[in-house]
Amino acid sequence: MTTIQGLGDLRGKRVLVRSDLNVPLDGSTITDDGRVRASVPTIKALSDAGARVLVTAHLGRPDGTPDEKYSLAPVAARLAELLGSPVQLASDTVGPDAQRIASGLEDGQVAVLENVRFNVGETSKDDAVRGAFADELAALADVFVSDGFGVVHRKQASVYDIATRLPAAVGGLVEAEVTVLKRLTESPERPYTVVLGGSKVSDKLGVIDNLLDKADNLLIGGGMVFTFLKAQGHEVGKSLLEEDQLDIARGYIEQAKAQGVTLLLPTDIVVAPEFKDEGASVVAADAIPTDQLGLDIGPDSAAAFAEVIRGSRTVFWNGPMGVFEMASFAAGTKAVAQALTQVDGLSVVGGGDSAAAVRQLGFADDQFGHISTGGGASLEYLEGKTLPGLTVLASPSPEGTDA
Ligand code: ADP
Ligand code: MG
C-alpha cells in the first residue's frame, strides 16, 4: 500500500480524504468527538504538506437524500477548532458548491464536503450507480487518501470505487489499525489471550472461529456465557440464551480441548430477579436459580480472568463482561479493563460498546495499547474476511503512482 509519503510532493494538489467522522450527536451538539480527534493527524499532515484538502465522510444513515439532521456542519466546526484554522463546509457533496470550494482551495486549506450519504450512489449495490457517483467525487480531486477505518469493510463509492479512479494512499489512522490487527492475527507474542463478551454468541462466531486456533486462552463472559453453560448441562434461569447456538458452543468447547486452548468460563455469576439495577446477588455458575438472570461475571471469575490477562503478552478484548450500563453489573467489565491496562505487551480493545464501556468506567484511551475506532471493521478483519476498502488500496492504482 502507498502511504501519504509515497504520494510525493503534495503542494498544490487537491487531496480527497475519506475520514470516519460519524460522531454521536444530541441535536447539533457532538457528545463524543473521539472520531474527529482521531482524524486530525492525517488531515493536518496533508495540510502541512501543502495539499488542498477535501474531507469526505458520512454521518448517520440519511437514506440517500439531504437531511438537515445529518449535516456535517457541527463536525466541520469541531474540526476547525481542533486544527486551529478555518474549515469550509460545502453545502453539497459533489454539486456546484463542492465544485466551487474545491477549485477555490489554496495550498494547505481544508474543506469538508457535505454528508456523502446524502447521495444514493454512495451505498448503492449497483456497481454502475456507485461508479457514476465515484466519478463525480474523483472529478473534485487529484489524489485519494483512505483514512476512515470504520468504513473500510464497506464496498462504497467514497471507500472503494474512488480508489480505482484516483492515485490512492492509505492514511495514518488506517495504517495504525491494520498494523495492530496484523499483530493479533499473524504473529502474536505469547501467551495470547482473547476475551470475548457482549450480548450474543451468534455475533461473535466468526471471531471465535478465526482466533480459536491462534490464541492460548479464550475467556468468555457477557451474555454469551449462558449458552456455553447450558451447553454443559447447567441451569441458566432467565438469562440470555441462544438455543440455536448450543451445538456450536459445544463444538467450541470440544475444539478448544483438542487444540490445547484454555477455554475459561466464569465460575460465579451476578444474578438479579429482573433486568434492573436492583436485587443483585452472586451465585455459582452451575447453580443459577430458575427465577433469576445472569447479568455479570462474579468476583471470583473476574479475579481469575484478570490473572490470566495480566500474565499475557498479547490480549484482544471484545464485548463487555456484563450489563455495565447498570452499576450493579459493571464490576466484571471494570476488572477486565483494569487487567488490560496492566498487560506487559499489546492490549487491544475492540467493539463499539467495549470502547464506550472503558471510557464510561473512567479509563483513559492511552492506558491501553490500542482502542479500535472501527468496531465492525476490526471484527471483520479478525474474522479473516477481506475488507474491500483495504484490498483496493493494495492493488495497483491508476497512473502508476505505486512506485
Ligand atoms: P461490542 O459493541 O463491544 O462488540 P456487543 O455489542 O457485543 O459489544 O455487546 C454489548 C452489550 O452486551 C452491552 O450493551 C451489554 O449490556 C450487553 N451484555 C453484556 N452482558 C450481558 C448479559 N449477561 N445479559 C445481557 N446483555 C449483556
Ligand atoms: Mg455493540
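This is a short guided tour of a predicted model, stop by stop, for you to follow in your viewer.

**Before you start**

Residues are numbered from 1 along each chain as its sequence is written, chains are lettered from A and ligands numbered from 1 in the order in which they are written. Because the model is predicted, local features need pLDDT of at least 70 and side-chain atom pairs count only at pLDDT 80 or more, while totals for chains, interfaces and linings use all residues; side-chain values use heavy atoms, with hydrogens and water left out.

Helices (H or I, at least four residues) and strands (E, at least two) are DSSP runs, numbered from the N terminus.

**Stop 1: the six-stranded sheet**

Begin with the open sheet whose six strands come in the order β5-β6-β4-β1-β7-β8, paired in parallel. Here, two strands pair if DSSP finds at least two bridges between them. At the edges you will find β5 (87-89) and β8 (168-170); each has a single partner strand, so one side of each is left without a neighbour in the sheet. Neighbouring strands are turned by 25 degrees against each other on average, direction ignored. (Axes are lines fitted to C-alpha atoms, for helices over the stretch in contact, and angles run from 0 to 180 degrees between N-to-C directions.)

Now select residues 14-18 and 52-56. These are β1 and β4, which pair in the parallel sense over five bridges. Zoom in on Arg18: its bridge partner in β4 is Thr56.

**Stop 2: helices on that sheet**

Add residues 34-48 to the view. This is helix α1, which lies across β1, β4, β6 (110-112) and β7 (143-146) and runs at about 155 degrees to β4. Then bring in residues 96-104, helix α3, which packs on the sheet and touches β1, β4, β5 and β6; its direction makes about 155 degrees with that of β5. Contact, here and below, means heavy atoms within 4.5 Å.

Keep α1 on screen and select residues 73-83, helix α2. The two helices pack at an angle of about 60 degrees, with their axes 10 Å apart. They are therefore oblique to each other (angles under 35 degrees count as roughly parallel, over 145 as roughly antiparallel, 65 to 115 as roughly perpendicular and the rest as oblique). Which residues make the contact? From α1 come Val36, Arg37, Val40, Ile43 and Lys44, and from α2 come Val75, Arg78, Leu79, Leu82 and Leu83.

**Stop 3: the three-stranded sheet**

Move along the chain to an open sheet of three strands in the order β13-β12-β14, with antiparallel pairing. Its edge strands are β13 (281-284) and β14, each pairing on one side only. The average turn between neighbouring strands of this sheet is 45 degrees, direction ignored.

Show residues 268-272, strand β12, which pairs with β14 in the antiparallel sense over four bridges. Ile269 has Ile297 as its bridge partner in β14, and Ala272 has Leu293. Is β14 (residues 293-297) mostly covered or mostly uncovered? It is mostly covered, with five of its five residues buried (buried means under 20% relative accessible area, exposed over 50%, partly exposed in between, with a 1.4 Å probe and protein chains only).

**Stop 4: α10 beside α11**

Select residues 299-310 and 331-341. These helices, α10 and α11, pack at an angle of about 15 degrees with their axes 8 Å apart; α10 and α11 are therefore roughly parallel to each other. Ala302, Phe305, Ala306, Ile309 and Arg310 in α10 meet Gly332, Ala335, Val336, Ala339 and Leu340 in α11.

**Stop 5: Phe324**

Click on Phe324, in the loop between β15 (314-318) and α11. At 5% relative accessibility, Phe324 counts as buried. Beyond its neighbours within four places in sequence, Phe324 is in contact with Phe329, Ala330, Thr333, Asp353, Ala357 and Gln360.

**Stop 6: an enclosed helix**

Finish with residues 375-382, helix α13. Six of its eight residues are buried, so the helix is largely enclosed by the rest of the structure. The buried ones are Gly375, Ala377, Ser378, Leu379, Tyr381 and Leu382. Turn on α6 (172-185), α7 (201-211), β15, α12 (352-360) and α14 (388-394) to see elements included in what covers them. After α13 comes Gly384, whose phi is positive, near 85 degrees.
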